[in-house]
Amino acid sequence: MVTTKRYTLPPLPYAYNALEPYISAEIMQLHHQKHHQGYVNGANAALEKLEKFRKGEAQIDIRAVLRDLSFHLNGHILHSIFWPNMAPPGKGGGKPGGEIADLINKFFGSFEKFKEEFSQAAKNVEGVGWAILVYEPLEEQLLILQIEKHNLMHAADAQVLLALDVWEHAYYLQYKNDRGSYVDNWWNVVNWDDVERRLQKALNGQIALKL
Ligand code: MN
């Protein structure tokens, strides 16, 4: 018997127009229905090939299939973090409270320095990719990292607390090539309650991906 599970597209925790004026409904709908769905489909297609291989029904180019799986699965996971990482303006934005605020102050000096470092990371990703805030459990500290495309996740065991998508599909319809303005405006919709929830899971050694 061979068991291979499949991934599904999670619904957004708010309406497509909920993040306006900072992120348009048109971007959100395309981003969720086309791009995120594409990563889900891509991961499942790779799993389909692996399943056939495991059953002895097909030969595969394992390097290509695993590259596809890593790319699409990371795309699926990062978007599944990105959506609840945001909340409508008013509920989102501002400064964090809770333990995440304490740890940001401890490791970055102040919220302003953290925001500056994270924004710089996002604006300077080479090509397309992500800026992420992670909890790195080896030395139990917060780090900001960049991901190029979806493939490179350098801190293997680190848990993502906050993710910012800087692929062009995340902003181009509204901001054209001005990634910097998109990053600056994005702070108005950060959902700090969700970041705190992910931090508490990480501190307790639990996976925070499932809500
Ligand atoms: Mn994206």
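Is His31 buried or exposed, and at what relative accessibility? In this predicted model, His31 counts as buried, because its relative accessibility is 1%, under the 20% limit used for that class.

**View 1. The manganese ion and its four donor residues, His31, His79, Asp165 and His169.** The manganese ion is coordinated through NE2 of His31, NE2 of His79, OD of Asp165 and NE2 of His169, at distances of 1.9 to 2.2 Å. Along the sequence, these donor residues follow the spacing H-x47-H-x85-D-x3-H. His31 belongs to helix H1 (residues 25-54), whereas His169 sits in the loop between strand S3 (159-165) and helix H5 (172-175), so the pair ties together parts that are 138 residues apart in sequence. His169, with 17% relative accessibility, also counts as buried.

**View 2. The interface between domain 1 (25-82) and domain 2 (98-203).** The C-alpha centres of the two domains are 23 Å apart, and their contact draws on 16 residues from domain 1 and 20 residues from domain 2. Between them, domain 1 and domain 2 bury about 1600 Å², of which 66% is on carbon and sulfur atoms. Zero salt bridges are counted between the two domains, while four residue pairs are found in polar contact across the interface, both residues of each pair being at pLDDT 80 or more. On the side of domain 1 that touches domain 2, H1 and helix H2 (62-82) each supply at least two residues, and H2 gives the most, with ten residues.

**View 3. The salt bridge of Glu51 with Arg6.** The side chains of Glu51 and Arg6 meet at 3.2 Å, N to O, in one of the eight salt bridges that the structure holds. Glu51 lies in helix H1 and Arg6 in the segment before H1, so this pair ties together parts that are 45 residues apart in sequence. Glu51 is buried, at a relative accessible area of 17%, whereas Arg6 is partly exposed, at 33%.

**View 4. Salt bridges within helices H4 and H7.** In helix H4 (residues 111-123), Lys113 and Glu116 are three residues apart, about one turn of the helix, and their closest N and O atoms are 3.1 Å apart. Both partners are partly exposed, Lys113 with a relative accessible area of 46% and Glu116 at 43% relative accessibility. In helix H7 (residues 192-203), Asp194 and Arg198 are four residues apart, again about one turn of the helix, with their closest N and O atoms 2.9 Å apart. Here Asp194 is buried, with a relative accessible area of 6%, and Arg198 counts as buried at 1% relative accessibility.

Terms used. Residues numbered from 1 in each chain as written. Predicted model: local features only at pLDDT ≥ 70, side-chain atom pairs only at ≥ 80, totals over all residues. Heavy atoms only, no water. Donors = N, O, S within 2.8 Å, 3.2 Å for Na, K, Ca; no water. Buried < 20%, exposed > 50% of the residue type's maximum accessible area, 1.4 Å probe, protein only. Domains from an automatic or database assignment. Contact = heavy atoms within 4.5 Å. Buried area = accessible area lost by both parts, 1.4 Å probe. Salt bridge = Lys/Arg side-chain N within 4 Å of Asp/Glu carboxyl O. Polar contact = N/O pair within 3.5 Å; in protein donor to acceptor, adjacent residues only side chain to side chain.
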